[in-house]
Amino acid sequence: MSWKAGLSRHLPLLRFFGCVESPSSRGLMQWYKTNYHELKALNPTMPLMMRTGENSFPAVTTELDFSRDDLIQFMLQTEKFKNDNGTIAADRVEAANAYLKTDWAAIRRERWSSPGLDPAKPYLNENQPDWKDDPQVQSELALYLELKGAADEQLAVIQSGPDKEFERAENGLLMCQRVDLWCAGPAEVERAVQHLTMLGKRFNALEPDFPEYINEYYPGAGDMD
């Protein structure tokens, strides 16, 4: 029961899909009916949704907060950077490895090195097109412009693959939020939910949902009346 009590600490929601008349969804439906009340009692603010439809493929999904670094690591590990002839794209692999070493803490710090100017401000180039020509700004933001420029150049190389390589990899990573459960029994459904919980523990950083005020009161010992 311990992992069920911590479900909402790592996952924002769970969506179950199935067909009430299909034998392939029987295990998922059974697990959902058996565990719903316990899960809801332990995680009262967490949505546990069941979506049914004729011939619906049984599955469970959630939402995972993947970052761009997670996506690039996924592409490196699964060798997604490939040329049209099927060979590994050395230039994009090199750019990906360099991008993962970007010192984002230094970029965030150096962003504020020029008083009164935020180089990441929206529409700055449209409103102040000559801001980079100021010698003082160039001196104060030299490190920021160097680091940010290198990261932007590396990202452009990473995203330059053929046949929407980057977009397809992003969609592939998002499929990790889903576990298909065709003809799965209740034990397999529970393991799928546990698997998604472990992924949520790794990739999500959810804020505890504490109530703003006390909404339930339980009387204390009788001698305190």
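**Close-up views**

**D118 is a buried partner in a salt bridge, with a relative accessibility of 17%.** The model shown here and in the other views is predicted. The side chain of D118 meets that of R111, and the N to O distance is 2.7 Å. R111 is partly exposed, at 26% relative accessibility. D118 counts as buried because its 17% falls under the 20% cut-off. The D118–R111 pair is a salt bridge, and the structure holds nine of these.

**R202 and D70 form a salt bridge between distant parts of the chain.** The N to O distance between the two side chains is 3.9 Å. R202 belongs to helix 11, which covers residues 186–203. D70 sits in helix 4, residues 68–77. The two residues are 132 residues apart. What is the relative accessibility of R202? For R202 the value is 51%, so this residue counts as exposed. D70 is buried, with a relative accessible area of 12%.

**K148 and D152 pair within helix 9.** Helix 9 spans residues 142–158. Its residues K148 and D152 are four residues apart, so about one helical turn separates them. Their side chains meet in a salt bridge with an N to O distance of 3.0 Å. K148 is partly exposed, at 26% relative accessibility. D152 is also partly exposed, at 40%.

**The second largest pocket has a lining with seven charged residues.** About 190 Å³ of space lies in this pocket. Which residues line the second largest pocket? One stretch of the lining includes E79, K80, K82, N83 and D84. P162, D163, E165, R168 and A169 also line the pocket. Besides the charged residues, the lining has two nonpolar residues and one polar residue.

**K164 has a positive phi, near 55 degrees.** Most residues other than glycine have a negative phi. K164 lies in the loop between helix 9 and helix 10, the latter covering 165–174. K164 is exposed, with a relative accessible area of 58%.

**C183 also shows a positive phi in a residue other than glycine.** Its phi is near 60 degrees. Where is C183 placed? C183 is in the loop between strand 4 (178–180) and helix 11. At 53% relative accessibility, C183 counts as exposed.

**The largest nonpolar core has 38 residues.** In soluble globular proteins, nonpolar side chains tend to be buried together. L14, F16, V60, I158 and L181 touch the most other members of this core. Which elements give two or more residues to the core? Two strands do: strand 1 (14–18) and strand 2 (48–52). The helices on this list are helix 3 (26–42), helix 4, helix 5 (90–100), helix 9, helix 10 and helix 11. Another core, of seven residues, lies apart from this one. Its members include I107, L117, L124 and Y144.

**L14 makes contacts with residues from several parts of the sequence.** These contacts leave out residues up to four places away in sequence. L14 touches L7, and also M46, P47, L48 and M49. V60, T61 and T62 touch L14 as well. V193 and L196 complete the list of contacts. L14 and V60, which touch each other, are both among the core residues that touch the most other members.

Definitions and conventions: Residues numbered from 1 in each chain as written. Predicted model: local features only at pLDDT ≥ 70, side-chain atom pairs only at ≥ 80, totals over all residues. Heavy atoms only, no water. Salt bridge = Lys/Arg side-chain N within 4 Å of Asp/Glu carboxyl O. Buried < 20%, exposed > 50% of the residue type's maximum accessible area, 1.4 Å probe, protein only. 1 Å grid on protein atoms, 1.4 Å probe; cavity = no way out; pocket = protein on both sides within 12 Å on 5 of 7 lines; lining within 4 Å. Points joined across faces, edges and corners; volume = space filled by probe spheres on them. Nonpolar A, V, L, I, M, F, W, Y, C, P; charged D, E, K, R; others polar. Core = buried A, V, L, I, M, F, W, Y, C linked by side-chain atoms within 4.5 Å. Contact = heavy atoms within 4.5 Å.
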